[in-house]
Amino acid sequence: MFGNRLKELREHKKISQEDLGLLLKLSPSAIGMYERGQREPDLERIKEIAAYFDVTIDFLLDKAGYDEELEKLGADINRLVDELAVFIYKAVMDKSLPIEKAVKIIEITKENIKLYIE
């Protein structure tokens with residue numbers, strides 16, 4: 001439900017209904033009504049809210065299938081990380097990749113993954 005997702009995003013960002021209302025040029029009561037499901041925003045407002053929280057409209061509207069997409073993405077990421085680990089291991093073992101460079105690749109990969117998670 002849109003209202004639950006909006007509240008979840010707002011609280012995660014540690015922003016009050018009042019502050020979110022100011023940012024979106026809405027009254028705090030409008031934000032409260034959205035969160036309680038008493039009122040639905042129009043499409044343009046939904047786009048603004050999605051842009052502010054840097055999420056997709058589907059995520060914001062809690063569309064069915066989103067969780068399945070996340071699970072598939074998680075599985076794809078796990079598979080790629082496993083493939084990278086095997087590649088690095090083999091390269092280190094056959095001495096075509098110095099261990100210092102292998103460690104650097106792992107550190108860079110971890111940092112890049114963190115950027116997208118946070």
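**Helix packing in a predicted all-helical model**

Let me begin with a single residue, Lys25, which is exposed, with a relative accessible area of 74%, well clear of the 50% above which a residue is called exposed. I should say at once that the model is predicted. Lys25 sits in the loop between H2 and H3, and its phi lies near 60°, which is a positive value in a residue other than glycine. Its position is also just after H2, so to speak at the exit of that helix, with the positive phi of about 60°.

Lys25 has company in this respect. Where H1 ends, Lys14 follows, and the phi of Lys14 is positive, near 60°, although Lys14 is not a glycine. Lys14 belongs to the loop between H1 and H2, and at 77% relative accessibility Lys14 counts as exposed. A further example comes just after H4, where Asp54 takes a positive phi of about 55°. I will come back to the helices that these residues follow.

Now for the overall picture. How many helices and strands does the protein have? It has seven helices and zero strands, and from the N terminus on the order of elements is simply α-α-α-α-α-α-α. Of the 118 residues in the protein, 25% are buried. If we take the contacts with a separation of 6 or more, 47% of them are between residues 24 or more positions apart.

Let me go through the helices in order, starting with H1, which covers residues 2-12. The buried residues in H1 are Phe2, Gly3, Arg5, Leu6, Leu9 and Arg10. They cover an arc of only 165° around the axis, and this places them on the same side of H1. On the face turned away from that buried side we find the exposed residues Asn4 and His12. As for the partners, the buried residues of H1 pack against H2, H3, H4 and H5.

One of those partners deserves a closer look. H1 and H3 pack with their axes 6 Å apart and at an angle of about 120°. That value lies outside the 65 to 115 degrees that count as roughly perpendicular, and so H1 is oblique to H3. From the side of H1, the residues that take part are Phe2, Gly3, Asn4, Leu6, Lys7 and Arg10, and they meet Ile31, Tyr34 and Glu35 in H3. By type, the residues of this contact of H1 with H3 divide into four nonpolar, two polar and three charged. Phe2, Gly3, Leu6 and Arg10 thus appear in this contact and also among the buried residues of H1, whereas Asn4, which takes part in the contact too, is listed as exposed on the face turned away from the buried side.

Next comes H2, residues 17-24. Which residues of H2 are buried? They are Leu20, Gly21 and Leu24. Looking down the axis of H2, these buried residues fall within an arc of 105°, so they line one face of the helix. The elements covering them include H1, H3 and H4.

H4, residues 43-53, is the partner I want to discuss in detail, since the axes of H2 and H4 come within 11 Å and cross at roughly 115°. H2 and H4 are therefore roughly perpendicular to each other, and H2 passes H4 in a right-handed crossing. In the contact, Leu20, Leu23 and Leu24 from H2 meet Arg45, Glu48, Ile49, Tyr52 and Phe53 from H4. The residues involved divide into six nonpolar, no polar and two charged.

Turning to H4 itself, its buried residues are Arg45, Ile46, Ile49, Ala50 and Phe53. They cover an arc of only 135° around the axis, and that puts them on the same side of H4. What do the buried residues of H4 pack against? Their partners are H1, H2, H3, which spans 28-36, and H5, which spans 57-60. Among the buried residues of H4, Arg45, Ile49 and Phe53 also belong to the contact with H2.

To close, let me return to where I started: Lys25 follows H2 with a positive phi of about 60°, Lys14 follows H1 with a positive phi near 60°, and Asp54 follows H4 with a positive phi of about 55°.

How values were computed:
Residues numbered from 1 in each chain as written. Predicted model: local features only at pLDDT ≥ 70, side-chain atom pairs only at ≥ 80, totals over all residues. Heavy atoms only, no water. Axes fitted to C-alpha atoms, helices over the stretch in contact; angles between N-to-C directions. Helix = DSSP H or I, 4+ residues; strand = E, 2+ residues; numbered from the N terminus. Parallel < 35°, antiparallel > 145°, perpendicular 65-115°, else oblique. Left-handed = near helix turned anticlockwise from the far one by under 90°. Contact = heavy atoms within 4.5 Å. Nonpolar A, V, L, I, M, F, W, Y, C, P; charged D, E, K, R; others polar. Buried < 20%, exposed > 50% of the residue type's maximum accessible area, 1.4 Å probe, protein only. Arc of directions from axis to C-beta.
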